[in-house]
Amino acid sequence: MQRERYEVRGVVQGVGFRPFVYRLALEEGLAGFIGNDTGGVTIEIEGPAERVEAFRRRLEAEAPPLSWIDSIVVREVPPRREREFHIIASEASGQVSTGIPADAATCADCLRELLDPNDRRYRYPFLNCTNCGPRYTITRRIPYDRPQTSMARFTMCVACQAEYDDPTNRRFHAQPNACAVCGPRVWLVAPDGVEIPSGDPVTAAIDRLMAGDIVAIKGVGGFHLAVDATNEFAVMRLRDRKHRYGKPLAVMARDLEAARELCVITPQEEELLLTVARPIVLAPERKGCGIAPSVAPGIPWLGVFLPYAPLQHLLFADSRVKALVMTSANLSEEPIAIDNDEALARLRHIADAFLMHDREILQRCDDSVMALVDGAPQLIRRARGFVPLAVPLPFDSPPLLAVGGHLKNVFALARGRFAYQSQHLGDLENVTGLDFFREALAHLMQTFEISPVAVVHDLHPGYLSTSWAKEWAAERNLPLIAVQHHHAHIAACMAEHGIEGPAIGLSLDGTGYGTDGTIWGGEVLIVQLVGPDPGHFERFAHLDYVPMPGGEAAIREPWRMALGALHAAGLDVESSEVIALLGAKPQEARVLKRMIERELNTPLTSSCGRLFDAVAAVVLGRGVVDYEAQAAIELEGVCVDEPDELSAGYALRLLDGDWKARKPARISAIPLWKELLEDLRAGASKSHIAARFHAGVAAAFIGAAKSAREAMQIEKVALSGGCLHNRRLARLLRTGLEEEGFQVFEHRTVSPGDGGLSYGQAVVAAARLRQRESAGDSH
Ligand SMILES: [Zn+2]
Ligand SMILES: [Zn+2]
Ligand SMILES: [Zn+2]
């Protein structure tokens, strides 16, 4: 007889771990117990040695699909001569380190029941089991138990309770377990809040969708605005009412087969579409697939995803429904609406009807967005299905809050070897954005019981996140740590791969505040997370500064960027050629030129994103954008069919600096503009010019990396920044760098864009604090 005690850490609550262990113990004929605690689960088993060994082997190998085991500590304890195995009650004390699982798409077993007329849950829109269903979005705090979720107000009927109590049942301790008798229900309401009577609200909603109406549908992490994706008139109506004309809209397709009819999908993309997180996946749109042209104007790919909640499966069970636009229910960049009354108040001028339910959403969570970039999955937006899963840190961190950036904000809490990133919170430009930030922070701090000992923020003094961080830290008397934007980007990429440096960081990005007060974004940094000066960096090289006439206005109006860049390249921006290229008025060009010359409201920038904008303005005539990075995305889109030819790139010139004297090298785009304009004059195609531009930028940064290697003998290159969402650029950089013998690291678990910033901030701060601590030890 042998008895062993296991402490299992990771995501092991709310994922069917206890019933799994219970069944395993029964199968192996072992006695003992299992219980949840705030650290994870504790198991003791007792029986013959070979049985105990089999249990130990199977525990990890056969763990349930939604679980994630971080560690198992096993030790032998004295046998107690027990005969049975049982599940003991949860205990709620001690430091919380178990995760709440992320929300998971309806599993195959539940889907079968949903569509089976003989099942007691036939067409019940809230069925779920331990292998699927909502988790994070319905949970208040851990331990993850029904009273801590928004299912607390629904008392299970006898049949549901019996499943819940039966350790051999798929719904054993499935906290959101429910059926039509005892659980949440759906109904349809008009914009005035009055219920629309119907025998079946789902069918009534489909009738409206098919008639071209806009229906707000309550989902897992918030409301969606839905229209028939094949109906151009309906899509345009949605755009008119949201006042959004350019931003691509996501399309939900019935199943994989339907998605294949809309897009050209590789086996790797299929895998992404089918993961339990069910993210939106960007894939090339099939020509003539029937999707309305206004769904994704100006770009050759489509954001497509599959149903992940039973209510969505019911919509697609109707043969009339082929593809639905399902976009986050909000106005522009505001947070997604989650509450029934809130949705009515905010969306009654947009939606024609509301399909609501009474299972409260406690955490707003947008859909996640992924794409295959350079042959591997990349997270463009990390939210539903991924949050609040922990991201490992390369070294121990004290409890920290890193507040992230400004646009596409995500904050991070760090403690020990893990960081917990919030869901995508959108732009922190107004009060609603900041409210969402506060709400998500309070929730995540409570969930993981993390009390930060320091607050980390971006260097930009004007960011709302920075001023908020200062205030919040002052109230609590906490120290502040400022981290430069692109330093954080590169540190994030390094930490994700466990590299402590030194590494050459290529941060190709939109905007970030530099240590010299200019706007950075085309940076070659040397970053080291350990050593004599950890958590600091050197700026080895950068794109040469160009004027940004009008500051922020130049981001919304790329033609201003183009004018600034052409002026910097020595062209007469008042010439008829330039004015025609920019689609500007002679008077406007004169005003901007004067602003540049007098340095009025004209910051300097080394941003790579802004260079893309300027080129898109000249080549595509994209003078004004409707959403961030639109110009750059269209420039990538126009050359998807061009071959990758690094050597065909336009020339940029590396102007030597002296990094020891803190004088970075500069990468000048002047020759690029000369060649590009020659191509334009010669009538070269837009796709050809766009491809040469991508290749030129990649070759220039590869050249700068080689120069850094010569100076410092560093072989590792980390790629980060928003421009790394660009597949052509990412591919050209990685293959080119590898050909030169570099070891290249790209983002895989956090976003290369500003969604990954807070993770990098936490890494840099932890590196600095670690150094301070060990310096303190030696005294
Ligand atoms: Zn299920
Ligand atoms: Zn029930
Ligand atoms: Zn950035």
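Q: In this predicted model, are His489 and Asp754 buried or exposed?
A: A residue counts as buried when its relative accessible area is under 20%, and as exposed when that area is over 50%. His489 falls into the first of these classes, and Asp754 does too. So, by that cut-off, His489 and Asp754 are both buried.

Q: Which residues coordinate the zinc ion (ligand 3)?
A: The donor atoms lie at 2.1 to 2.8 Å from the zinc ion. Two histidines each give NE2, and the aspartates give OD atoms, with Asp509 listed twice. Along the sequence the donors follow the spacing H-x3-H-x19-D-x244-D. The residues are His485, His489, Asp509 and Asp754.

Q: How many residues apart in sequence are the parts that His489 and Asp754 tie together?
A: His489 sits in helix α13, residues 485–496. Asp754 belongs to the loop between β28 (743–745) and α23 (757–778). The pair therefore links parts whose separation in sequence is 265 residues.

Q: Which strands are the edge strands of the open sheet of five strands?
A: Let's walk across the sheet: its order is β4-β1-β3-β2-β5, with mixed pairing. Inside it, β2 (residues 31–37) and β3 (residues 40–47) run antiparallel and are joined by seven bridges. An edge strand here pairs on one side only, which leaves β4 (68–77) and β5 (85–88).

Q: Which helix runs at about 5 degrees to β1?
A: Two helices are worth checking here. Helix α1 (residues 17–27) packs on the sheet and makes about 165 degrees with the direction of β5. The helix lying across β1, β3 and β4 spans residues 49–61, and the one asked for is α2.

Technical notes. Residues numbered from 1 in each chain as written. Chains lettered and ligands numbered in written order. Predicted model: local features only at pLDDT ≥ 70, side-chain atom pairs only at ≥ 80, totals over all residues. Heavy atoms only, no water. Pairing = 2+ DSSP bridges. Helix = DSSP H or I, 4+ residues; strand = E, 2+ residues; numbered from the N terminus. Contact = heavy atoms within 4.5 Å. Axes fitted to C-alpha atoms, helices over the stretch in contact; angles between N-to-C directions. Donors = N, O, S within 2.8 Å, 3.2 Å for Na, K, Ca; no water. Buried < 20%, exposed > 50% of the residue type's maximum accessible area, 1.4 Å probe, protein only.
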